[in-house]
Amino acid sequence: MDILAVNPQVIEQFRAGQEIEGMHRDRLLLLTTTGEKSGELRTSPMMFHPEDGRMLVVAANMGSDDHPHWYRNLVASPSVTVEVADERFDATAVALEGDDREREWAMLKETYPFFADYETKTERQIPVVSLVRVPTAA
């Protein structure tokens, strides 16, 4: 699957409120990061898992040995924009570490077994990222 060819269509369908073939709309979000090198805004559709008031996303990159671009972007600049359902908000992206990462990674692999498959394809540790809403001024 050519992600670069598919993503623009998924983004368009998501923003139009349409069904997205092969994806569960209720588990999909759009993550906008700032390009690590270009400084340009980059939007990526991805699956998320709600957990304890935060949204978890996984930088699995289908088991590739390289982190996805969106992950490298948010490491360089953790201020992101999230679109989920009909809502858009600013968030802070935090790569989980230590026991928090291990606990959430185990839960994600149990809930979504394809993540365990991806893990077997790479030697890198697959990052789990928490997206935490930035409070808005009242």
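## A seven-stranded sheet and the helices packed on it

Among the 18 residues of the largest nonpolar core, those that touch the most other members are Leu29, Leu31, Trp70, Val82 and Leu131. Two or more residues of this core come from each of β1, β4, α2, β5, β6 and β7. A second core lies apart from it, with eleven residues, including Leu96, Tyr112, Phe115 and Ile126. Please keep in mind as you explore that this is a predicted model.

### One residue in the core

Leu29 is a good place to begin. Leaving aside residues up to four places away in sequence, Leu29 touches Phe14, Ser44, Pro45, Met46, Phe48, Met55, Val57, Val82, Glu83, Val84 and Leu131. One of these, Val84, is also the bridge partner of Leu29 in β5.

### The sheet

Now step back to the strands. In what order do the strands of the open sheet stand? The order is β2-β1-β5-β6-β7-β4-β3, seven strands in all, and the pairing is antiparallel. At the edges are β2 and β3 (residues 49–51), each of which pairs on one side only. On average, neighbouring strands of the sheet are turned by 35° against each other, direction ignored.

Strand β1 (residues 28–34) deserves a closer look. Is β1 mostly covered or mostly open? Six of the seven residues of β1 are buried, so this strand is mostly covered. On one side, β1 runs antiparallel to β2, and seven bridges join the two strands. Leu28, for instance, stands opposite Met47 in β2. These two strands form a hairpin with six residues between them, and in the turn Gly39 has a positive phi of about 75°. The pairing of β1 with β5 is antiparallel too, over four bridges.

### Two helices against the strands

Helix α2 spans residues 69–76, and its buried residues are Trp70, Tyr71, Asn73 and Leu74. Why do these residues line one face of the helix? Seen down the axis of α2, they fall within an arc of 160°, so they share that face. The face turned away from this buried side carries the exposed residues His69 and Val75. Trp70 links this helix to the start of our tour, being among the core residues that touch the most other members.

What covers the buried residues of α2? The cover includes β1, β2 (41–47), β4 (54–58), β5 (79–84), β6 (87–95) and β7 (128–133). Helix α2 packs on the sheet, and its direction makes about 55° with that of β1.

Helix α3, residues 98–111, lies across β3, β4 and β7. Relative to β4, helix α3 runs at about 75°.

### Salt bridges

How many salt bridges does a search of the whole structure find? The search finds nine. Here are three of them, with the distances between N and O atoms.

| Salt bridge | N to O distance |
|---|---|
| Arg54 and Glu104 | 3.0 Å |
| Arg133 and Glu87 | 2.8 Å |
| Glu102 and Arg101 | 3.1 Å |

The salt bridge between Arg54 and Glu104 links distant parts of the chain: Arg54 belongs to strand β4 and Glu104 to helix α3, 50 residues apart. This gives a second view of helix α3, which lies across β4. Are the two partners buried or exposed? A residue counts as buried when its relative accessible area is under 20%. Arg54, at 16% relative accessibility, is therefore buried, and Glu104, at 3%, is buried as well.

The side chains of Arg133 and Glu87 meet in another salt bridge. Because Arg133 lies in strand β7 and Glu87 in strand β6, the pair ties together parts that are 46 residues apart in sequence. Here Arg133 is partly exposed, with a relative accessible area of 41%, and Glu87 is partly exposed at 39%.

The salt bridge between Glu102 and Arg101 brings together a partly exposed residue and a buried one: Glu102 has 41% relative accessibility, while Arg101 has a relative accessible area of 3%. Salt bridges with shared partners also join Arg54, Asp100, Arg103 and Glu104 into one network.

Definitions and conventions:
Residues numbered from 1 in each chain as written. Predicted model: local features only at pLDDT ≥ 70, side-chain atom pairs only at ≥ 80, totals over all residues. Heavy atoms only, no water. Buried < 20%, exposed > 50% of the residue type's maximum accessible area, 1.4 Å probe, protein only. Arc of directions from axis to C-beta. Contact = heavy atoms within 4.5 Å. Pairing = 2+ DSSP bridges. Core = buried A, V, L, I, M, F, W, Y, C linked by side-chain atoms within 4.5 Å. Axes fitted to C-alpha atoms, helices over the stretch in contact; angles between N-to-C directions. Salt bridge = Lys/Arg side-chain N within 4 Å of Asp/Glu carboxyl O.
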